[in-house]
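The following report looks at how strands pair into sheets and where buried side chains gather in one protein chain. Please keep the coordinates at hand while reading.

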Amino acid sequence: MPPAHPFDDDKLREECGVFGVVGVQDAANFVALGLHALQHRGQEAGGIVSHDPAEGFNSVRRFGYVRDNFTSQDVMATVPGPLAIGHVRYSTAGSKGQTAIRDVQPFFGEFAMGGAAIAHNGNITNANALRRELIERGSIFQSSSDSECIIHLMARSMGRSIPDRMEEALRKVEGAFSVVAMTRTKLIGVRDPLGVRPLVLGKIGDGYALSSETCALDIIGAEFIREIKPGEMVVINDEGVQSHFPFRPQPSKFCIFEHVYFSRPDSILGGRSVYETREAIGRELAKENPVDADLVCPVPDSGTPAAIGYSLESGIPYAMGIIRNQYMGRTFIEPTEQIRNMGVRLKLNVNRALIEGKRVILVDDSVVRGTTSRKIKEMILDAGAKEVHFRIASPPTAWPCFYGVDTPDRDKLLAASMSEEQMAEHLAVDSLKFISLDGLYRAVGQFQGRDKACPQYCDACFSGEYPVTPSDMIDRGFEMKPAAE
């Protein structure tokens, strides 16, 4: 399902969201609700696998939104039982934009000790090498997804239990993984040793839930217990939660862009409200990059908390100068050439009465290709604005992500080839300023700024410093940042 128009094509996209529930009646219904809350992490497709003691494992996989596929009683009746996991997908590996139903997770495998299903958020950076090795040894792959490697590695393991086999498999995997998996009786959650992608634990009645974000626990009425720690594996069954750490300890490298954009603003990350963090980013942005203006306007919706923070810090009034059409679906209308030329106007409209004659500060979360920023600027000027100043709530995105984010090739990233001043000239705005990397770290709670010797987060998309070597991409010709740069 390719993007419908340029607005969708000029944002970084998360790969997916994972959710699992054990110990409740009709667990798949809870999973469907959880996936609905995680829809922002992937809109391409979704899937649910459940286990019922009488009927065994069952699965359902569909393209499109959760609300269009997993609200039918007839569909949900096919996945009964007290244990289920689910996945929403936005592909970063495999047949991106041309997904086959066999690529849709969770993946299922039948082992000597019983069946298991697995859902993965992240990206395996040595998947190509693993896949070649597994195929040479006789494995037959059904999908183009990097995540399927985990199932095949588990099948070849000599571990005595499925959790043991999963441990052995994940020790051979490089990159980022937050995994939710299930056997006939157990719900399993694992984060990679760096903890790049999020995973949280909740309690619902006598059962438990695992989720990519806390907002999905809220929708099912689950109590947030804690985050799964980097490098931790939890195994949950009737006896409760067992935890251990099967990987060599490493300094945490949680994705800092989760704070900026990916996570929902009503989620909690690292004990901090995502909304409050984004407001703090806006305040820091105003301190670093002030400008005389009449209005602070967010680019909906991701720029809103940062715009509020910028307004509060600067004292410049906040206004909804751009209105988003919330009911514009991805398949709203056949994208003819005439419709494509309308571009951003299909989703955004300028509030002319507020904008006309004003000096406007537009706050957005990022600039990727710059195509949307330019169109929004033109819309603001067409509405009669005197000046347009962009303020961006992240540093320049100059490097691709290989850990579960759909990033364009480096040569398509505006900041890879242009300075801040050149970007402002390219976009034809009165000014363009980004928050500094140190400023972003301060806003997320690292008040001394970024530790250059050992950064507290993964910030490779800004710094070019990759905590895990992207070996597959290097084999394809990707050039890492020189160490001395």
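Asn237 stands opposite Gly240 in β14, and in this predicted model the two strands concerned, β13 (residues 233–237) and β14, run antiparallel and are joined by 5 bridges. Both belong to an open sheet of 6 strands, ordered β6-β7-β8-β9-β13-β14, with antiparallel pairing. Its edge strands are β6 (107–111) and β14 (240–244), each of which pairs on one side only. With direction ignored, neighbouring strands of this sheet are turned against each other by 20° on average.

A further open sheet is built from 7 strands in the order β4-β3-β5-β2-β11-β10-β12, and its pairing is antiparallel. At its edges stand β4 (56–63) and β12, and because each has a single partner strand, one side of each is left without a neighbour in the sheet. From one strand to the next, the twist averages 15°.

For one strand pair taken from each of these sheets, the table lists the bridges together with a pair of residues that stand opposite each other.

| Strand pair | Bridges | Opposite residues |
|---|---|---|
| β3 (residues 45–52) and β4, antiparallel | 8 bridges | Gly47 and Arg61 |
| β13 (residues 233–237) and β14, antiparallel | 5 bridges | Asn237 and Gly240 |

Is Glu223, which lies in strand β12 (residues 223–227), buried or exposed? Glu223 is exposed, because its relative accessible area is 53% and the term applies over 50%. Not counting residues up to four places away in sequence, Glu223 touches Leu201, Gly202 and Lys203. Between Glu223 and Ala209, which are 14 residues apart in sequence, the C-alpha to C-alpha distance is 9.2 Å.

Helix α6 (residues 162–171), by contrast with that exposed residue, is mostly covered, with 7 of its 10 residues buried. The buried residues of α6 are Ile162, Pro163, Arg165, Met166, Glu167, Ala169 and Leu170, so that charged residue names such as Arg165 and Glu167 appear in this list beside Leu170.The largest nonpolar core holds 72 residues, of which Leu362, Ile380 and Leu432 touch the most other members. Leaving aside its neighbours within four places in sequence, Leu432 is in contact with Phe390, Arg391, Ile392, Glu420, Met423, Ala424 and Leu427. Apart from this core lies another, of 27 residues, whose members include Ile151, Leu170, Phe177 and Met233. Leu170 is also one of the buried residues of α6, while Met233 falls in strand β13 (residues 233–237).

Conventions: Residues numbered from 1 in each chain as written. Predicted model: local features only at pLDDT ≥ 70, side-chain atom pairs only at ≥ 80, totals over all residues. Heavy atoms only, no water. Core = buried A, V, L, I, M, F, W, Y, C linked by side-chain atoms within 4.5 Å. Buried < 20%, exposed > 50% of the residue type's maximum accessible area, 1.4 Å probe, protein only. Contact = heavy atoms within 4.5 Å. Pairing = 2+ DSSP bridges. Helix = DSSP H or I, 4+ residues; strand = E, 2+ residues; numbered from the N terminus. Axes fitted to C-alpha atoms, helices over the stretch in contact; angles between N-to-C directions.
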